[in-house]
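Here is a short briefing to keep beside you while you turn the model around on screen. Take a look first, and then we can walk through it together.

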Amino acid sequence: MSITVFSHQYCSLHRVSEVHPEEPARIAAINDQIIRSGMEFALTQKDAKSATREDLLRVHAANYVDDVFERAPTEPDQHIWLDPDTMMTAGTLRAALYAAGSGICAVDEVFTAENRRAFCSVRPPGHHATWDAAMGFCIFNNIAVATAYAMHAYGIERVAIVDFDVHHGNGTEDIFLNDERVLFCSSFQHPLYPNSGTETISHEVINIPLPAGCDGPTWQAAVRERWFPAIDAFEPQLIMVSAGFDGHLEDDMAQFKLTETDYHWIGRELKELAERHCEGRIVATLEGGYDHSSLGRSVVAFLKGMQ
Ligand SMILES: [Zn+2]
């Protein structure tokens, strides 16, 4: 058994500008580090497929999906803004559809193939996209699309979503807030964009806001205390992971001080939880992570932890 990594060359078609941090080189940095580490031989690499309109409509409003399709630029020099942080250029729609579709491939993989763990190395990210709006570089909520597909296609009734990106996964929380089938666990720097997640009251939402400067031992202790008992009690049939690596010490998008050791640790802990509750099934998808060197190293450490 190995880990299946889903990606697609179309995910590099989305280009905002030469200086935007959410850029195609992020995926290349992950691929380079996978090869450099020798992990390539321990992974199964597959092409993602596109999400369908039906897949998107499980978690997004029809008028929002229609708006994205209708406004999507088709000419190389065109661009539009979906929100102040989220631009679409000519390749964006295709990249977003393959990013969302990769999670569906990954769900099928962990339910039907030998490999029980999958990682989607895709962009644009998804966890800020809400039911009816793009936000913070995110167009379709990739983790939500895959979670809803898993419940629809495999009839499962309990999915735990773990989001360790340094930003709160407000979009995912928004989409599943009143859905008792989904336990949402998010840790994030606060205050920081999008400045949500501290007021939420729900038994199915475990938010851990932590201050700037939070280091690995502090983060691990909070996660161990708050998430793991909740996940054990929930007994998920699938664990989904919004895997953002912008909490790394070297990533200046925020001020957490996590390192590869922490990403390896969470990979290993989630694997143990998955083996205890759901035959080892984990689907992780890339969210943030903007410093290329630490992003590549952190993804490899996380994959080794899940191995
Ligand atoms: Zn982030």
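The notes below cover the annotated domain, the metal site and a pair of packed helices. Please keep in mind that this is a predicted model.

**The annotated domain**
- An unreviewed UniProt entry lists residues 20–305 as "domain: Histone deacetylase".
- Across residues 20–305, helix makes up 42% of the chain and strand 16%.
- The C-alpha atoms at the two ends of this stretch are 30 Å apart.

**The zinc site**
- The zinc ion is coordinated by D165 (OD), which appears twice among the donors, together with H167 (ND1) and D246 (OD), at 2.0 to 2.8 Å.
- Along the chain, these donors follow the spacing D-x1-H-x78-D.
- D165 sits in the loop between β6 (159–163) and α6 (170–176), while D246 sits in the loop between β9 (238–243) and α8 (260–277), so the pair ties together parts that are 81 residues apart in sequence.
- D165 and D246 are both buried.
- The angles among the four donor atoms run from 51 to 150 degrees, and the site is irregular. A tetrahedral label would need all angles to lie between 85 and 135 degrees.

**Helices α7 and α8**
- Helix α7 (residues 216–234) packs with α8 at an angle of about 10 degrees, and their axes are 12 Å apart.
- That angle makes α7 roughly parallel to α8, as angles under 35 degrees count as roughly parallel.
- The crossing in which α7 passes α8 is right-handed.

Note on methods
Residues numbered from 1 in each chain as written. Predicted model: local features only at pLDDT ≥ 70, side-chain atom pairs only at ≥ 80, totals over all residues. Heavy atoms only, no water. Donors = N, O, S within 2.8 Å, 3.2 Å for Na, K, Ca; no water. Tetrahedral: all angles 85-135°; square planar, octahedral: opposite > 155°, others 65-115°. Helix = DSSP H or I, 4+ residues; strand = E, 2+ residues; numbered from the N terminus. Buried < 20%, exposed > 50% of the residue type's maximum accessible area, 1.4 Å probe, protein only. UniProt positions renumbered as here; feature names shortened; annotations may be inferred. Axes fitted to C-alpha atoms, helices over the stretch in contact; angles between N-to-C directions. Parallel < 35°, antiparallel > 145°, perpendicular 65-115°, else oblique. Left-handed = near helix turned anticlockwise from the far one by under 90°.
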